[in-house]
Each structure stands twice: as C-alpha cells, then as structure tokens.
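Hi,

Here's the structure I said I'd pass along. Have a look at it first, and then read on for what turned up.

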Amino acid sequence: MNIIVIGASGTIGRAVVEELGARHDIIEVGRTSGKHQVDITDIAGVRNLFERVGKADGVVVTAGDLHFGPLSDMTPAQFGIGLQHKLMGQVNVALAAQHYLNEGGSITLTSGIVGDEPIRFGVNATTVNAAVEGFARAAALELPRGLRINVVNPSVLKESMDAYGPYFHGFEPVPARRVALAYVKSVDGLQTGKVIRVW
Ligand SMILES: NC(=O)c1ccc[n+]([C@@H]2O[C@H](COP(=O)([O-])OP(=O)(O)OC[C@H]3O[C@@H](n4cnc5c(N)ncnc54)[C@H](OP(=O)(O)O)[C@@H]3O)[C@@H](O)[C@H]2O)c1
C-alpha cells in the first residue's frame with residue numbers, strides 16, 4: 001500500500017516509517033523535510049499535498065505542536081498553538097483525506113497520555129489530545145467508502161526523555177518501536193474509531 005507519513009522525520013515518525021516501510025511504500029512528508037513538504041495548519045496546502053501525491057491507501061500524522069506552560073499567565077495566543085497545530089492540523093488532514101484516499105483507506109492521528117493524565121503545565125496538551133480523540137471517534141461513524149480513522153495515544157517516549165523528562169516524573173517511558181507498532185495496528189488492521197494507547 002502507499003502510505004503518507006506526515007512528520008516522518010520526527011522521533012515517532014522515524015520509527016513509524018521503519019515499521020510500516022517493511023511492507024508498504026512510504027511517502028515521507030514534513031514541514032521542511034521529506035519528499036513532500038506541507039504545513040498542516042493550512043488546509044489549502046494539505047489538499048495540495050494529496051493532489052501532488054496522488055492516490056494513497058493511508059495517511060499517518062505524527063506532527064503537531066503544543067504549548068506547555070503555567071495556567072496562571074497563559075495567553076489565548078499560547079493556548080491557540082495547540083488548537084491550530086496539533087488539533088486543527090490533524091483535523092485538516094482528516095478532512096482532506098476523506099476525499100482523496102482509496103476505498104478502505106486509513107487515517108491515523110496522534111494524541112498523547114496527557115489527554116488522560118494531566119501534568120503540570122499541560123493544560124493545552126490535555127485539551128488538545130482529548131479533542132483529537134473525540135474528533136476521531138465521531139468521524140469514524142461518518143467516513144465514507146469504508147475509510148477508517150484511529151488515534152495513537154503514546155506515553156512519553158524513551159527517546160524524548162532528555163527533552164520532556166522533567167515534565168513526566170513518575171511516567172514509564174515507552175520505546176519508539178513499541179509506539180510505532182500501534183500505528184501499524186491502525187494501518188494494517190480493521191479497527192476504526194479507536195484510541196490505541198501505548199503506555
Ligand atoms: N515524543 C514524545 O514523547 C511524544 C509522546 C506522546 C505524544 N507525542 C506527540 O507525537 C507527535 C510527534 O511528536 P515527536 O516527538 O515525534 O515530534 P518531533 O520529533 O518534533 O517531529 C515532528 C515532525 O512533525 C513535522 N511537523 C511539525 N510541524 C508540522 C507542520 N505544521 N506541518 C507538517 N509537518 C510538521 C516535522 O517536520 P520537519 O522536521 O520538517 O520540521 C517533524 O517531521 C506530537 O503531536 C506529540 O505531541 C509525542
């Protein structure tokens with residue numbers, strides 16, 4: 001199958017490309033990296049990506065910025081980072097993908113453990129991760145042509161502990177390869193409307 005991976009150069013994306021690449025043709029996409037570039041916050045750009053790539057059997061998104069910081073001085077603009085990037089970016093991909101993917105194709109989005117387990121400075125992340133999952137659970141009921149949609153919800157990655165460790169005391173980090181298998185389950189499996197947790 002032809003599978004588009006948006007965020008292919010990232011910590012999760014690289015592992016997903018390796019796992020899916022064993023059986024599928026991967027089209028690597030990034031904001032500045034990859035075979036194709038897109039800014040997922042721009043719906044016209046996302047539609048243009050699908051036009052450029054042509055017919056595909058699946059799209060995986062492992063991209064989307066969030067804002068981490070204290071609630072006490074959070075601004076609407078800061079809160080908007082997660083809304084525009086991780087939420088609307090992934091929603092944009094799903095909205096466009098439903099018109100371009102081959103029959104029976106799959107859409108796989110990314111949330112994160114903070115959606116279920118709030119952490120200090122994580123208000124934006126908890127809100128956005130929960131919203132991504134809500135979107136997918138409802139969208140699964142309406143998608144046409146046998147299209148499926150799932151969300152992978154990883155805990156903090158072992159490979160990201162240098163960057164995020166101080167936010168995640170007490171959380172058990174998971175290796176990128178184990179997280180990647182959840183994306184494989186979504187792409188190669190039959191389930192839809194599911195949140196696949198890797199904790
Ligand atoms: N890492 C973790 O521990 C962890 C745990 C749970 C959930 N998550 C979630 O998983 C997702 C990926 O995390 P990560 O750590 O793998 O990220 P990362 O290493 O920072 O990689 C991000 C990837 O997304 C691409 N990207 C960023 N903004 C984009 C945009 N606007 N349009 C298109 N592509 C864009 C980047 O492309 P360029 O390289 O070209 O800029 C890069 O390939 C995030 O939503 C994060 O919240 C991560």
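The protein chain has six helices and seven strands. Going along the sequence, they come in the pattern β-α-β-β-α-β-α-β-α-β-α-α-β. Keep in mind that this is a predicted model.

**Overall shape**

The radius of gyration of the protein chain is 16 Å, and a compact globule of 199 residues would have one near 16 Å, so the two agree. Along the principal axes, the C-alpha atoms take up a box of roughly 45 × 35 × 35 Å. Half the chain is tucked away, in the sense that 50% of the 199 residues count as buried. As for contacts, take those between residues at least 6 apart in sequence: 69% of them join residues at least 24 apart.

On the outside, the protein chain exposes about 9,400 Å², with carbon and sulfur atoms supplying 52% of that area. In case you're thinking about electrostatics, there are 18 positive and 19 negative charges, and their mean positions are 3 Å apart.

**Aromatic pairs**

How many aromatic pairs are there? The count comes to three, and here are two of them. Phe50 and Tyr100 are stacked, with 5.5 Å centre to centre and 10° between the planes. Phe50 belongs to helix H2 (residues 43-53) and Tyr100 to helix H3 (residues 76-100), so this pair ties together parts that are 50 residues apart in sequence. Phe50 itself has a relative accessible area of 1%, so it is buried.

The other one is Phe168 with Phe171. Their ring centres are 5.2 Å apart and their planes stand at 85°, which makes the pair edge-to-face, because planes over 60 degrees apart fall in that class. Both Phe168 and Phe171 are buried.

**Ala182**

Next stop is helix H6 (residues 176-188), where you'll find Ala182. Is Ala182 buried or exposed? Its relative accessible area is 4%, and the cut-off for buried is under 20%, so Ala182 is buried. Leaving out residues up to four places away in sequence, Ala182 touches Val152, Ile196 and Val198. Val152 falls within strand E6 (148-154). If you want a long distance to try in your viewer, the C-alpha atoms of Ala182 and Ser72 are separated by 36 Å, and these two residues are 110 apart along the chain.

**Two backbone oddities**

Most residues other than glycine have a negative phi. Which phi value does Phe121 have? It is positive, about 70°, although Phe121 is not a glycine. You'll find Phe121 in the loop between strand E5 (106-110) and helix H4 (123-142). With a relative accessible area of 36%, Phe121 is partly exposed.

Arg145 also has a positive phi, this time about 55°, and it is not a glycine either. Arg145 sits in the loop between H4 and strand E6 (148-154). At 35% relative accessibility, Arg145 counts as partly exposed. That puts Phe121 in the loop that leads into H4 and Arg145 in the loop that follows H4.

If you only have time for a quick look, start with the stacked pair of Phe50 and Tyr100, then go on to the positive phi of Phe121 and of Arg145.

Cheers

How values were computed. Residues are numbered from 1 along each chain as its sequence is written. This is a predicted model: local features need pLDDT of at least 70, side-chain atom pairs count only at pLDDT 80 or more; totals for chains, interfaces and linings use all residues. Side-chain values use heavy atoms; hydrogens and water are left out. Helices (H or I, at least four residues) and strands (E, at least two) are DSSP runs, numbered from the N terminus. The radius of gyration is taken over C-alpha atoms; the globule rule is 2.2 Å times the number of residues to the power 0.38. Buried means under 20% relative accessible area, exposed over 50%, partly exposed in between (1.4 Å probe, protein chains only). Contact means heavy atoms within 4.5 Å. Accessible areas come from the Shrake-Rupley method with a 1.4 Å probe; for residues, only the protein chains shown count as cover. Lys and Arg count as positive and Asp and Glu as negative; His and the chain ends are not counted. The place of a charge is taken as NZ of Lys, CZ of Arg, CG of Asp or CD of Glu. Rings of Phe, Tyr and Trp (its six-membered ring) pair if their centres lie within 6.5 Å; planes under 30 degrees apart count as stacked, over 60 as edge-to-face and the rest as tilted.
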